[in-house]
Amino acid sequence: MILTRSFTRREKVLMLVLSLLLIAGVYVVLVDQPIRSAHAALDSERAVTETELGTATVLAAEYDRMKAELEQILALPPGKLSALPPYDNFQTLMVRFNHIFAGTEPELSFDPVTFTDGVAARTVRFRFTAQDHKKARSVITELTGLGFRCLLDSLDLAPANGDIETDALSVSGTITFYEQAQ
């Protein structure tokens, strides 16, 4: 029988080497590979979590900034706080524009009103000629201080005929007025 036979030294060494290789293979398949794949999954999860943490940090900073801005707005005296007026103040704006742009030969164009999340945005493109910087500044100050929520999107100042010190100024820009949509 094979089991009663005694193995030679060479056969014993070969069986020992094969046993070690078998044990090493089982270790790799049953222990090492699952640990490596779990480690890779944890690394991936950590990267996603770090990205989410970065996003949450940015959102928290933005929230704090907006909260501070809101507190500043709410701390304004009642006359300085402007709320969103109800939609369609076109006639009111035109009457005020007539007063503001008096003597400046204005050119006005109106983009179509856009509606987003209950807010109507009315964009007005303007161009006028002012006799000096003081008049241009006065018109822009009055335009942005109408008591309506607005955003001056662009503003260009240029000498009307080439000499900035003696010529009138050509002023152009875009302003968007915000109203509460119905």
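This note covers two features of a predicted model, namely the residue Glu-179 and the helix α3.

1. Glu-179 belongs to strand β5, which runs over residues 169–180. With a relative accessible area of 2%, Glu-179 counts as buried, because that term is applied under 20%.

2. The side chain of Glu-179 has polar partners in this model: one of its polar atoms lies 2.9 Å from the backbone nitrogen of Asp-88, and a polar contact of 3.3 Å links the side chain of Glu-179 to that of Arg-122.

3. Apart from neighbours within four places in sequence, the residues in contact with Glu-179 include Leu-84, Pro-85, Pro-86, Tyr-87, Asp-88 and Asn-89, and among them are also Leu-93, Gly-118, Val-119, Ala-120 and Arg-122.

4. Helix α3 consists of twelve residues, 133–144, and spans 16 Å between its first and last C-alpha, which is close to the 16 Å expected at 1.5 Å a residue. At its N-terminal end the helix is capped by Asp-132, a side-chain oxygen of which lies 3.3 Å from the backbone nitrogen of Lys-134.

5. Which residues of α3 are buried? They are Ala-136, Val-139, Ile-140 and Leu-143, and they lie on the same side of α3 because they cover an arc of only 95° around the axis. An α-helix has 3.6 residues a turn, so residues three or four places apart point the same way.

6. The exposed residues Lys-134 and Arg-137 are carried on the face of α3 turned away from its buried side, whereas the cover over the buried residues includes α2 (90–100), β3 (119–130), β4 (150–159) and β5, the last being the strand in which Glu-179 lies.

Note on methods. Residues are numbered from 1 along each chain as its sequence is written. This is a predicted model: local features need pLDDT of at least 70, side-chain atom pairs count only at pLDDT 80 or more; totals for chains, interfaces and linings use all residues. Side-chain values use heavy atoms; hydrogens and water are left out. Helices (H or I, at least four residues) and strands (E, at least two) are DSSP runs, numbered from the N terminus. Buried means under 20% relative accessible area, exposed over 50%, partly exposed in between (1.4 Å probe, protein chains only). A polar contact is a pair of N or O atoms within 3.5 Å; within protein, one must be able to donate a hydrogen and the other to accept it, and residues adjacent in sequence count only if both atoms are side-chain atoms. Contact means heavy atoms within 4.5 Å. The expected span of a helix is 1.5 Å times one less than its number of residues. The arc is that of the directions from the helix axis to the C-beta atoms.
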